[in-house]
Amino acid sequence: MSEDEPVAKRARTMSMNIASCVVKSAEGKSFGELSGEPLSTLIGLAAWTEDVATKLKIRTIGSLGRWKYFLWARALVSLAAKEVAGHRDEDSKLNANKALDAAH
């Protein structure tokens, strides 16, 4: 759009429907607010999961999103989607020592 366009036409409001991700009472909250909400705010995670998560020091949606094991799993899954079978150098080594246990 050019600068000659009316301001009302240029200033569009962006929105995202997250109703399928969070409980009804949280639908109007910003992403920043949601980050500080308890895990039971996410649809599919009952209140009892907070007890389990608290033992892992995961108290909020934000702490779950920054949890190192989640980040490692997300990285491995993302990289696996890009991997091409038969195109890895046999001498290549994956440096994921801190993400995998010794048995793997």
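In what order do the elements of the protein run from the N terminus on? In this predicted model, the answer is α-α-α-α-α. That makes 5 helices and 0 strands. The protein has 104 residues, and just 12% of them count as buried. Its accessible surface comes to about 8,800 Å², with 57% of that belonging to carbon and sulfur atoms. As for contacts between residues at least 6 apart in sequence, 19% of them join residues at least 24 apart.

Now for a stop in a loop. Asn17 sits between α1 (7–10) and α2 (31–35). Its relative accessibility is 66%, so Asn17 counts as exposed, the cut-off being over 50%. The side chain of Asn17 still finds a partner: it reaches the backbone nitrogen of Ala19 at 2.9 Å. Further along the sequence, Glu27 is 10 residues away from Asn17, and the two C-alpha atoms are 8.3 Å apart in space.

The aromatic residues tell another story, with a count of 2 aromatic pairs. In one of them, Trp67 and Tyr69 meet edge-to-face, at 5.2 Å centre to centre and with 70° between the planes. The other joins Tyr69 to Trp72: the ring centres are 5.2 Å apart and the planes stand at 90°, so this pair is edge-to-face. Tyr69 and Trp72 both belong to helix α5 (residues 68–82), where they are 3 residues apart, about one turn of the helix. Put together, Trp67, Tyr69 and Trp72 make one aromatic cluster.

How buried or exposed are these rings' residues? Trp67 is partly exposed at 25% relative accessibility, Trp72 is partly exposed at 26%, and Tyr69 is partly exposed with a relative accessible area of 43%.

Terms used. Residues numbered from 1 in each chain as written. Predicted model: local features only at pLDDT ≥ 70, side-chain atom pairs only at ≥ 80, totals over all residues. Heavy atoms only, no water. Helix = DSSP H or I, 4+ residues; strand = E, 2+ residues; numbered from the N terminus. Buried < 20%, exposed > 50% of the residue type's maximum accessible area, 1.4 Å probe, protein only. Contact = heavy atoms within 4.5 Å. Areas by Shrake-Rupley, 256 points an atom, 1.4 Å probe, with all protein chains shown as cover. Polar contact = N/O pair within 3.5 Å; in protein donor to acceptor, adjacent residues only side chain to side chain. Phe/Tyr/Trp six-rings, centres within 6.5 Å; stacked < 30°, edge-to-face > 60°.
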